[in-house]
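The following exercises are intended for a reader new to this structure. Each task is followed by a solution that proceeds step by step.

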Amino acid sequence: MASNKKYWKSVEELKENSSIVDTLKNNEFVEEIPTDEFLGNKESLETSSTTRRDFLKYVGFTTAAASLASCEGPLVKSIPYIIKPNDITPGVAEYYATTMADGFDFANILVKVREGRPIKIEPNKEANGSTNARVQASVLSLYDSLRLKEPKANGKAISWVDADSQIISKLNEVKEAGLSIAVLTGTCASPSTKKLINNLNDTYGNVNHVVYDAVSESAALDAFETMYGTRVLPDYHLEKAEVIVSIGADFLGDWQGGGFEVGYSKGRVPQNGKMSRHIQIESNMTLTGANADKRLMVKPSEQLKALARLYATLTGGAVTMEVTPLTETVSNAAKQLIAAGSKAVVVTGIQNKNAQLLALAINKVLNSEVIDVVATKNVRKGSDASVAKLISDMNNGAIGAVIINNSNPVYSLPNSAEFVEGLKKVKLSVAFSIQDNETANAVQYTLASPHYLESWGDVVIKKGQYSLIQPTISPLFNTRQFQEALLTWTGNTSSYYDFLKESWDTEILNGTSWNQALHDGIFIVESNEEISSLEVDINAVLGALKVESSDFELALYTKTGMGDGQMANNPWLQEFPDPITRTSWDNYLTISKADAEKLGVTNYHVANGALNGSLVEMTVNGVSGVLPILIQPGQAKGSLGLALGYGRKQGLKQEMQTGINGYRFYKDFNNFQSNVTLKVVAGEHEFACVQLQNTLMGRGDIIKETTIEDYNNVDSKEWNKVPMVSLDHNEVEATTVDLWDSFDRSIGHHFNLSIDLNACTGCGACVIACHAENNVPVVGKEEIRKSRDMHWLRIDRYYSHEEDFAGDNELKDNGKGALGFKIAMDALEHPSENPSVAFQPVMCQHCNHAPCETVCPVAATSHGRQGQNQMAYNRCIGTRYCANNCPYKVRRFNWFNYPNNSEFDYNMNDDLGKMVLNPDVVVRSRGVMEKCSMCIQMTQAAILKAKKEGRPVNTNEFETACSNACSTGAMVFGDINHKEDTVTSLVEDKRAYHLLEHVGTKPNVVYHVKVRNTQEA
């Protein structure tokens, strides 16, 4: 019998003929969605001349989205295209070749665009492009809600027409007064921009272009100019090196622009029984030192002594500097360099012209094939002397106008106060800036610049390699490029695009296609130019070396994530764990354990496992600041380390205002500072550290290691042992035992990911790529302190307690009885003074016998036919049984609804930031588990593309975000049922093993045993 009971949701529904009820019944939205205002009407769209990049009119899935609350999570109603642009297919990604050149990072890249929105950066491998964490994260900076949105004069909005008129008038006044005009930029490797600056000189006269790098390589540039006649940097082909000796050069980090990890890793993977030998002499524990075969800790002042002794040993000269602790190491290094001959190279990061000349001289003595002095690099061009003269001239009244582009000297100059005083004395000060930063607030005219993904341009990263920059989206705000302004101010009515194209057609392309160059992103110009070295008196160089030392010495460096600090408002980079310290959201002073004990400073864990530390006041050459102390294994006694790039305040969200400004201590642009004193002060600091266990505790089945000697001469079963388990009271190999029957996986695709521990440098580019591809949320410092980070991919970093990991295993195995074993394990908790280091990327292992699948009460996680462990987020009820049952601890629980939550004011909490989200991947809601999907959306896209084109999937066509971003080739993804895929042979390699094989999970991620070259001279 049907019920006549009436159900109602509000009192209003009980009223008869209610207009409100009728409206709600017929209309989902009470107010009409303003589609005309957002998209324009049909007539205006039909006559529009806009292109694919004019997404503000065409995009259908971003700022126009109307979010409605529902009981199971947010429901997003999207406005479809009224008229679909011809060159956009919804659901299909487009890729555009362009170049990133922000003055600190330079890279040939591909930009993934969805429905008019750039959402991901990938390396342009056809142009030999590689990316680091910052390049990968730069797409998020496009959607920074605090970007400058319009031009300003003295802090107030102004039109571009008025700004141009006033600036031109003042430039003419400066010209008539006979004063000079200074154009201050970051490293400018753009041929077309240099032409425009020359045109500015032709128009106004006396224009001086000053190049300033926040992190200086001026000493290396000056040294190269002295020896080879050109002020550039050499390139290094580390894949050719058999022996590499680095003295203070973090060449796997940002040394001389970085990018050396590609060649380095090729030489580090054992091929035909050979691999390079890497010796590192340094103060801080760097990424490069962590990857070295032999690492020696010395104070910064002693690095100069080591370099001098190395040169003297190689040439048979006399050594005037006493370096007793270094003698044996330097002597052995010299013998290995001599044995390798032209296959050897020496590099140094000491910012001293004489030290750089010594390194160049050593490579000449060796006749090194590794150093390339012909095809040189343009990634650092700053001149310390020119910057110093500019500041002096400004304060002396010789400068009439200062035009700043792509630089933030008010923040990064060590003598910033002098620069600001000088700005007050010039008639005209202009800053082109993307951000509302310190310099933008110190000048008369602040001109909003577009992001590089909104811009045209060109750059010569390396001699003979011309790269193009093209916009992938129309400018989001009322911005204009520096080059467009120069054209206007010189009376040229052309657009910068026309000027750029004409310049390339007449001077570079030599009759080849502009469109082809734009498509490829790069154009190679062959050159037969030869370079000859000049005579340099090395004895005079040795005599001019001056070593300044003190009880404490400071080594300034840049972090892999933060770089020079210009992307400090990028939450991906703030939350990115430093590869060495595994700490995010922070800047700190690193110190050795011995020095910490002398000072009485500590690091300790609080009740929830988070890390806290003492505070000290550091004074360097009279400049003081209070800093937290982080005790760092591998830090040389008497040395301290501090990262640059932190401490910014203006134009940043409150959460991003982290750390102290290290540039204040960067006197004379020297990365090594003496005259350092420390004083312990009251208080404690809270760190956000994602990895609190330091050592492997002798667990050799997690990271397996061997030496090149054993690799070549001993059976792999000895150094790549398969764990044994008991079956029917017999010891058998764990890989032969199954708890479940296996399925036949020989039909169709079966995906595997190979990770080579020799090629992985720990750089973390894969971590940011995973963030971008899979919409991984940022949770902030407080949540990370509670171990609630959401990274789908982590890079574990382990130290040894003994001299190496083999010593750790031996110590554990020799622990006799319960007490002896306990004593051994207690000791193993503490890293050695100078530990061996190993990096291990860990993500969901996609086990064929996955323990998470068997315990899920609602079948939210299950195994796919193609080898991927899949998650149905809608089914997940958040029991966390799967996380508890996972031996790899790779599952992440959504404690909060990270999007649309003011507590997590990052990219997912405003409409602009949400534009970076990948529409192919769902944004997870509160209370569900999430983890690596092995980028199932990418594998399915490859299958569908091949199907559409009526062909099989090509060899090595399958990729994941991490394998695509990995420049070193450490991560290789593919289909092991496709015998030509590279991963198929890697899985069968004698170095291959699975993580925790004795558990019997049968992972689809395979690791390769780390091989170290321990052969001494």
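## Exercise 1: An open sheet

Task: State how the strands of the open sheet are ordered, and identify its edges.

Solution. Step 1. In this predicted model, an open sheet of 7 strands runs in the order S7-S6-S18-S17-S16-S8-S9, with mixed pairing. Step 2. Strand S7 (156-157) and strand S9 (207-211) are the edge strands, since each of them pairs on one side only. Step 3. Within the sheet, strand S8 (residues 180-185) pairs with strand S16 (residues 399-405) in the parallel sense, over 6 bridges. Step 4. For Val 183, the bridge partner in S16 is Ile 403.

## Exercise 2: Helix H14

Task: Determine which residues of helix H14 are buried, and what they pack against.

Solution. Step 1. Helix H14 covers residues 384-395, which is 12 residues. From its first C-alpha to its last it reaches 17 Å, close to the 16 Å expected at 1.5 Å a residue. Step 2. The buried residues in H14 are Val 387, Leu 390, Ile 391, Asp 393 and Met 394. Step 3. Around the axis these residues cover an arc of only 165 degrees, and therefore they lie on the same side of H14. Step 4. Ala 385 and Lys 389 are exposed, on the face of H14 turned away from its buried side. Step 5. The buried residues of H14 pack against S8, S9 and S16, and also against helix H16 (416-425). The strands S8, S9 and S16 belong to the open sheet of Exercise 1. Step 6. After H14 comes Gly 397, with a positive phi near 85 degrees.

## Exercise 3: Helix H18

Task: Explain why the buried residues of H18 can be said to line one face of the helix.

Solution. Step 1. Helix H18 (residues 496-507) has 12 residues and reaches 16 Å from its first C-alpha to its last, close to the 16 Å expected at 1.5 Å a residue. Step 2. Tyr 496, Phe 499, Leu 500, Ser 503 and Trp 504 are buried in H18. Step 3. Viewed down the axis of H18, the buried residues fall within an arc of 130 degrees, so they line one face of the helix. Step 4. Glu 502 and Thr 506 are exposed on the other side of H18. Step 5. Packing partners of the buried residues of H18 include the helices H7 (191-204), H17 (482-489) and H19 (514-520). The strands S19 (457-462), S20 (465-469) and S21 (522-524) are also packed against by these residues.

## Exercise 4: Salt bridges

Task: For three salt-bridge pairs, among them Arg 114 and Glu 115, decide whether the residues are buried or partly exposed.

Solution. Step 1. The whole structure holds 38 salt bridges. The cut-off needed here is that a residue is buried under 20% relative accessible area and exposed over 50%, with partly exposed in between.

Step 2. Arg 114 and Glu 115 form a salt bridge through their side chains, at 3.4 Å from N to O. Arg 114 has a relative accessible area of 4% and is therefore buried. Glu 115 is buried as well, at 5%.

Step 3. Lys 637 and Glu 833 form a salt bridge in which the closest N and O atoms are 3.3 Å apart. This pair links distant parts of the chain, 196 residues apart. Lys 637 is in the loop between strand S27 (623-631) and strand S28 (639-644), and Glu 833 is in the loop between helix H28 (817-828) and strand S36 (837-842). Lys 637, with a relative accessible area of 46%, is partly exposed. Glu 833 is partly exposed at 49% relative accessibility.

Step 4. Arg 892 and Asp 789 meet through their side chains in a salt bridge of 3.7 Å, N to O. Because Arg 892 lies in strand S39 (residues 892-893) and Asp 789 in the loop between helix H26 (781-785) and strand S35 (794-799), the pair ties together parts that are 103 residues apart in sequence. Arg 892 is buried, with a relative accessible area of 10%. Asp 789 counts as buried at 11% relative accessibility.

Step 5. A network of salt bridges links Asp 105, Arg 134 and Asp 254.

## Exercise 5: Confidence

Task: Identify which element has the lowest mean pLDDT and which the highest.

Solution. Step 1. The average pLDDT of the protein is 87, and 91% of the residues score at least 70. Step 2. Strand S1 (residues 66-68) has the lowest mean pLDDT among the elements, 34, and strand S43 (residues 1005-1008) has the highest, 96. Step 3. The pLDDT is below 50 over residues 33-46, a stretch with 23 contacts in the model beyond near neighbours in sequence. Step 4. Residues 52-78 also stay under 50 in pLDDT, and the model has 64 contacts for them beyond four places in sequence. Step 5. Where pLDDT is low, the predicted coordinates should not be read in detail.

Note on methods. Residues numbered from 1 in each chain as written. Predicted model: local features only at pLDDT ≥ 70, side-chain atom pairs only at ≥ 80, totals over all residues. Heavy atoms only, no water. pLDDT = per-residue confidence, 0-100. Helix = DSSP H or I, 4+ residues; strand = E, 2+ residues; numbered from the N terminus. Contact = heavy atoms within 4.5 Å. Salt bridge = Lys/Arg side-chain N within 4 Å of Asp/Glu carboxyl O. Buried < 20%, exposed > 50% of the residue type's maximum accessible area, 1.4 Å probe, protein only. Expected span 1.5 Å × (residues − 1). Arc of directions from axis to C-beta. Pairing = 2+ DSSP bridges.
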